[in-house]
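Student: I've got a new model open and I'd like to learn how to read it. Can we go through it feature by feature?

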Amino acid sequence: MGRTVAQQLIADHLEGGSMVPGDEIGLRIDQTLTQDATGTLVMQELEALGLDRACTEVSVQYVDHNLLQADEKNAEDHAYLRSACRRYGIWFSKAGNGVSHPTHMQRFGVPGKSMVGSDSHTPAAGSLGMLALGVGGLEAATAIAGEPVYVRMPEIWGVYLTGELPQWTSAKDVVLEMLRRHGVKGGLNRIIEYHGPGVSTLSAMDRHVIANMGAELGATTTVFPSDGAVYEFLKAEGRPQDFVEITAEPDAIYDVTEHIDLSTLEPLIAKPSSPDNVVPVREVAGTEVSQVVIGSSANPGLRDFAIAAHLVKGRQTNDAVSFDVNPTSREILADLTKMGGTFDLISAGARIHQAGCMGCIGMGQAPAVGQNSLRTFPRNFPGRSGTREDSVWLCSPETAAASALTGVITDPRELADKLDVAYPDLPLPARASINTDMLEAPPEPEEAHREPLVKGPNISALPDFPPLPDRIAAPVLLKVGDNISTDEISPAGARALPYRSNVPELAEFTFDQVDPTYPRRAAEAQRTGHLVVGGDNYGQGSSREHAAIAPRHLGLKAVLAKSFARIHWQNLANFGILALEFADPADYDRIEQGDTLVLDGLRDQVPDGGDIIVRNETKDEEYPVGHRLSPRQVEAVLAGGRIPLLARA
């Protein structure tokens, strides 16, 4: 039997375990990516691990999320990150250089390499034929230190593409179609591998769009073959020597299969407030819009900005619409400017923001309550925009630009016909405007060892958590439904994100979007600790480990859920929080917020791996629960987390 691209990549980096779906495997990691919203904790973890120097081929720290410097906190964190990069031998990408994923693809991405990133959209690098995984910060830190990264071997989901996209549709519509068909849990425990003749019609940056939003499907990662389109991309970036051809072997067998005829797709849009709430644009056409934002790692390519510029050229956006553009890298902004696209956008009424994530993470561009915001972003979870009661829609650049002109959700095909706008053959440059001035290489080891860590007062020490107790008798402080996101557990945005390296302060925002009283009630329950009960896919979305460490700081002992999202599940184990799943999902309905639950004999039962009986003292009921933790994870949970475990080693 031949091997798929994903199987080849895994086999080439396998350090332990067997490639049987469900078995835990260890992977050797060639590259790492961190960003400023998660990277400060990573650097603190490197210090706690006593790292001398990065052991990877390439590690890069990007400053792309938290660019608004409303006070001293962000500037202090950026200074700390730069000093830590110099100390540990990590590349530093300065604020404004660009969003981590497309910038890394441009400068460092290499087909056949493995990478982990403390950002859930790290799988975007799969567009180049890389094995790229989003992980929690502690996994990124141990990978930088040369340790393998452990995951459950996923199934390989082969998506066979045929045909070619029609005019005024684009790669965003491909991944929205996947979300329409399969939902935010469709990719759980799977690697999505796109193959077939339709792949050759997609550029490397088109593939980036699709691989990026595999995270919204819950996939472990997404991969594409490394073929002629990848070679052309690397050639334009001045790195043709990095090209390696990687394609599925002719008799490769996929565990799960799907087929998309690209020629049948039409413009799609995700309604508020989930990426899988997808309908054709024509079904919601005419809905009023007050804000349109183009950019983010989900539509980062030069083509994505150029097509929007072409549609609005010589026209003025609707008076009622705020039209915002987030360039994704300085390189792309330079090329767009050379093409005249920046002028076309500004002339049409666009506001050009910094090259960074910005509105995607709620750092600016928060929409008005009760008004619709159309965004080319990957996520529209409630409150992620920075507005608690937001109404965010996800769409392609074509749909976004058309709607900015009309003031209502508009099918770009209909507007193009009405305005007699021809579909363009965009003259993208054969050679990108490469500029590495804002990328700082790490110093030589002799100099690095003398580098002091620059810590402002907003950088707290990592909390020291105690081991798992043998008995938990604690109240259910919060009960949440299905698909609770890490944005809802530990919010980003301009209020909370500046405290990302100050765990005690950040903890005060925990579950703020769901129940603002949670931190106060957690403080009142410090003597016993507390529990949280969740539905399916608990902890979907961002990889930020703050969603584990902040509730742990507030006394969270265990989470009982129907199921967990992969990265958050791992983060819970990393910080000593017991993640338990109901043997009978119907028992979820029997527990109420405020019930006191008792778990006895945990230090024997958790390693045993069998059912654990949870007693509801309030209702005099019992429920069997279990866990999927490996022996390695069990050891960490018992110790109170991986850092205490490593500290005692």
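Tutor: Sure. Keep in mind that this is a predicted model. Let's start with one residue: Ala140 has a relative accessible area of 0%, so it is buried.

Student: Which helix does Ala140 lie in?

Tutor: Ala140 is part of helix α5. The neighbours that Ala140 touches, leaving out residues up to four places away in sequence, are Thr32, Thr34, Val42, Val116, Ser118 and Val135.

Student: And how many residues of helix α5 are buried?

Tutor: Eight of the eight residues in α5, which spans residues 137-144, are buried, so the helix is largely enclosed by the rest of the structure. The buried residues are Gly137, Leu138, Glu139, Ala140, Ala141, Thr142, Ala143 and Ile144. After α5 comes Gly146, with a positive phi near 95°.

Student: Let me turn to helix pairs. What describes two packed helices?

Tutor: You use the angle between the two axes and the distance between those axes. Try it on helix α2 (residues 36-49) and helix α3 (residues 72-88): their axes are 10 Å apart and the packing angle is about 45°. α2 and α3 are therefore oblique to each other.

Student: Is the crossing of α2 and α3 left-handed or right-handed?

Tutor: The crossing where α2 passes α3 is left-handed. On the α2 side, the contact is made by Asp36, Gly39, Thr40, Met43, Gln44, Leu46 and Glu47. From α3 come Asp77, His78, Tyr80, Leu81, Ala84, Cys85 and Tyr88. Sorted by class, the α2 and α3 contact has seven nonpolar, four polar and three charged residues.

Student: Is there a general idea behind the spacing of residues on a helix?

Tutor: Yes. An α-helix has 3.6 residues a turn, so residues three or four places apart point the same way. Keep that in mind when you look along a helix in the viewer.

Student: Let me try another pair. At what angle do the axes of α13 and α14 cross?

Tutor: Helix α13 (residues 397-406) and helix α14 (residues 412-419) have axes that cross at roughly 55° and come within 9 Å. That makes α13 oblique to α14. The crossing of α13 and α14 is left-handed.

Student: Which residues make the contact between α13 and α14?

Tutor: α13 contributes Glu398, Thr399, Ala402, Leu405 and Thr406, while α14 contributes Pro412, Leu415 and Leu419. By class, the contact of α13 with α14 has five nonpolar, two polar and one charged residues. To link back to our starting point, Ala140 and Ala402 are 262 residues apart along the chain, and their C-alpha atoms are separated by 40 Å.

Student: Now the nonpolar cores. Which residues touch the most other members in the largest one?

Tutor: The largest nonpolar core has 54 residues, and Tyr538, Val559 and Leu560 touch the most other members. Take Val559: not counting residues up to four places away in sequence, Val559 touches Val532, Tyr538, Phe564, Leu572, Ile577, Leu578, Ala579 and Leu580. There's also a second, separate core of 39 residues, including Leu27, Ile29, Val149 and Val223.

Student: What about backbone oddities? Where is there a cis peptide bond?

Tutor: Look at Pro272 and Ser273: a cis peptide bond joins them, with omega about -5°. Ser273 sits in the loop between β13 (268-270) and β14 (278-280).

Student: And which residue has a positive phi of about 50° although it is not a glycine?

Tutor: That's Met358. You'll find Met358 in the loop between β17 (351-352) and β18 (373-375). Met358 is buried, with a relative accessible area of 4%. Phe511 has a positive phi of about 55° and isn't a glycine either. Phe511 lies in the loop between α18 (503-507) and α19 (518-524), and counts as buried at 0% relative accessibility.

Student: One last residue. Is Arg615 buried or partly exposed?

Tutor: Arg615 counts as partly exposed, at 32% relative accessibility. Its place is in strand β26 (residues 612-616). Not counting residues up to four places away in sequence, Arg615 touches Thr596, Leu597, Val598, Asp620, Glu621 and Glu622. Arg615 and Gly535 are 80 residues apart in sequence, and 19 Å apart from C-alpha to C-alpha.

Key. Residues are numbered from 1 along each chain as its sequence is written. This is a predicted model: local features need pLDDT of at least 70, side-chain atom pairs count only at pLDDT 80 or more; totals for chains, interfaces and linings use all residues. Side-chain values use heavy atoms; hydrogens and water are left out. Axes are lines fitted to C-alpha atoms, for helices over the stretch in contact, and angles run from 0 to 180 degrees between N-to-C directions. Helices (H or I, at least four residues) and strands (E, at least two) are DSSP runs, numbered from the N terminus. Angles under 35 degrees count as roughly parallel, over 145 as roughly antiparallel, 65 to 115 as roughly perpendicular and the rest as oblique. A crossing is left-handed if the near helix is turned anticlockwise from the far one by less than a right angle, and right-handed if clockwise. Contact means heavy atoms within 4.5 Å. Ala, Val, Leu, Ile, Met, Phe, Trp, Tyr, Cys and Pro count as nonpolar, Asp, Glu, Lys and Arg as charged, and the others, Gly among them, as polar. A nonpolar core is a set of buried Ala, Val, Leu, Ile, Met, Phe, Trp, Tyr and Cys residues joined through side-chain atoms within 4.5 Å. Buried means under 20% relative accessible area, exposed over 50%, partly exposed in between (1.4 Å probe, protein chains only).
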